[in-house]
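Here are my notes on this model, set out as numbered points. Please read them with the structure open.

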Amino acid sequence: MHDLRRQALESGKTVSRKARSKQASPASSRPSSQPPSRAASRSRAVSRADSEEDEAGNLSDETSFSTNSIDELLNGDGSDPITDAWRADLADRIQELLDRKRSSVQGREKCLATYVRILTAQYAEEDIRGKEAELVVAFLKSIKAETSERETILAMKALAMTVVTSPSDLIYEAVCGPLKRVISDSTSVPSKTAAVHCLGTCTFFGGASDDEILDNMAYLLEIVASDGSFIDAQDEADPVVAALEEWGSLSTLIDDIADESEEAAEYFVDQLSSSDPGVQIAAGENIALLYEKSYRPLTEDDCGTEFGEGDIISDPDEIPGVPKLVKNYDVYRRTDVLKDTLSDLASLNTRRLSKKEQKAIRTNFADILDSVEYPTHGPRYQNAISQDTGKRYGSRMTVRIHKEGVMKIDKWWKLHRLQALRRVLQSGFVKHYEANPIVFESLPYTSPSANARMVC
């Protein structure tokens, strides 16, 4: 297995190509209409605000690679349940996947479902080691043929689980073209949506170069900007939500996207007027991430430099080791107008949406507005003072990892990576977080050093 951890999982991946060359992004079209409300993306929007503390062992099944959850896709398919003999079962399924001569569509669907089920429930890197290339070829046959929607989606899920289990710097190059053809040419909207998610996962873990990551971010932004018409899915909410989500995930790999931010922010702000809450929330979360990324730690080189009023932000609790931040660039020219829009969404009251949908909108956009005003504030930030510590509660979004403790999701980049991992791993998130180094290192425990030296 090629070790991509340094290359692909550090939050400061690379500097934007635009920042280096000043060349314009290829995305140029503008949103022309609003996506209609869809049950799948609405369900996804609601699930994001169901609780402030998520028990990672009991994750809700968000839409993943389908208009239905992947667990729903796998349940009731006749595939065998996971037993103690899973290694032998996995070996049999791998052999069956590689030998397609006498297989039927239903047989391949069942085999793929069992393969995905095992790789989700178990960390099976040793069991698929050395077989990745053959498996990818087998998955691509199902993806290219599109014999049935279900087989195609399960093949893409199997591909994503394979690259997360055993990352290789060869996978992306092999799968990018076929996945983009499904996104552009498939007549199935669920298949398009699954392919967008699979492309994001393979770009993140499959060995994509710096320029390829940036190219795919521009490609995803084109889908968002055109309301899906760029991929012949006009006004379909699910592919647009998928593109927004994967753009956010991939952007966590980029250190400096100053030159891309304004254009991306314009498209995301436009999507705040969508009639679909899933589109609105995904766009809003990307806006919050852009504002978070527009600030950098103050360094010794900045001492003596004059900055504008409000450009430097200090930690309100003066926690040792937490540096001051300085604004690196403006994300959006009309931040005042943006704040008004976010405020309206944070207090939304309409009969068009259900109570749960309205709660999801209000909860998420209260957080997003807070982060736009105070970019150091992460998701679920609370200014209330704790009587125990005498300090602000801060971000109260947490993920409990069995006996290992609680992981605090106090940054938007962490939330984007957490959601990306959940989309792929779903109920297997805890197992992989504990056993799979590539998953753990993409979302590690972090804490400020008490001995870190402050500057200025």
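1. Start with a charge over a ring. Lys180 sits over the face of Tyr219, and the distance to the ring centre is 4.5 Å. Keep in mind that this is a predicted model.

2. Now the overall make-up. The chain has 456 residues, and 55% of them are buried. Its secondary structure comes to 20 helices and 10 strands. Among contacts with a separation of 6 or more, 75% link residues that are 24 or more positions apart.

3. The nonpolar core deserves a look. The largest one holds 112 residues. Which of its residues touch the most other members? They are Tyr115, Leu159 and Phe268. Helix 9, residues 149-165, gives the most to this core, with 10 residues.

4. Leu159 is worth following by itself. Setting aside residues up to four places away in sequence, Leu159 touches Val136, Phe139, Ile143 and Ile171. Val175, Leu179, Cys198 and Cys202 are also touched by Leu159. Two cysteines, Cys198 and Cys202, are therefore on the list of Leu159 contacts.

5. That leads to the cysteines. How many disulfides does a search of the whole structure find? The search finds 0. A disulfide is a covalent bond between the sulfur atoms of two cysteines. For Cys176, the closest cysteine sulfur is in Cys202, at 9.3 Å, which is too far for a bond. The cut-off applied to a pair of cysteine sulfur atoms is 2.5 Å. Cys176 is buried, at 12% relative accessible area. Cys111 also counts as buried, because its relative accessibility is 3%.

6. Next, the aromatic pairs. The count comes to 6. A pair of aromatic rings is described by the distance of the centres and the angle of the planes. In one of the pairs, Trp247 and Phe268 have ring centres 5.0 Å apart and planes at 75°, so this pair is edge-to-face. Trp247 belongs to helix 13 (residues 237-251) and Phe268 to helix 14, so the pair ties together parts that are 21 residues apart in sequence. Both Trp247 and Phe268 are buried. Phe268 has already come up as a core residue, listed with Tyr115 and Leu159 for touching the most other members.

7. There is an aromatic cluster too. Phe429, Tyr433 and Phe440 make up one such cluster.

8. Stay with helix 14, which spans residues 258-271 and includes Ser261. Is Ser261 buried or exposed? Ser261 counts as buried, because its relative accessibility is 0%. Beyond its neighbours within four places in sequence, Ser261 is in contact with Leu290, Tyr329 and Val331.

9. Helix 15 covers residues 277-293 and contains Ile281. Ile281 counts as buried because its relative accessibility is 0%. Ile281 and Arg362 are 81 residues apart in sequence, while their C-alpha atoms are 9.8 Å apart in space.

10. Turn to the open sheet. Three strands form it in the order 4-6-5, with antiparallel pairing. Why is one side of strand 4 and of strand 5 left without a neighbour in the sheet? Strand 4 (295-297) and strand 5 (312-313) stand at the edges, each with a single partner strand, so one side of each has no neighbour in the sheet. Strand 5 pairs with strand 6, residues 325-327, in the antiparallel sense over 2 bridges. Ile313 stands opposite Leu325 in strand 6. In a regular strand the side chains alternate between the two faces of the sheet.

11. Last, the hairpin. Strand 7 (residues 381-385) and strand 8 (residues 392-395) pair in the antiparallel sense over 3 bridges. Gln382 stands opposite Gly394 in strand 8, and Ile385 stands opposite Arg392 in that strand. The hairpin has 6 residues between strand 7 and strand 8. What is the phi of Gly390 in the turn? Gly390 has a positive phi of about 75°.

Note on methods
Residues numbered from 1 in each chain as written. Predicted model: local features only at pLDDT ≥ 70, side-chain atom pairs only at ≥ 80, totals over all residues. Heavy atoms only, no water. Pairing = 2+ DSSP bridges. Helix = DSSP H or I, 4+ residues; strand = E, 2+ residues; numbered from the N terminus. Buried < 20%, exposed > 50% of the residue type's maximum accessible area, 1.4 Å probe, protein only. Contact = heavy atoms within 4.5 Å. Phe/Tyr/Trp six-rings, centres within 6.5 Å; stacked < 30°, edge-to-face > 60°. Lys NZ or Arg CZ within 6 Å of the ring centre and 35° of its normal. Core = buried A, V, L, I, M, F, W, Y, C linked by side-chain atoms within 4.5 Å.
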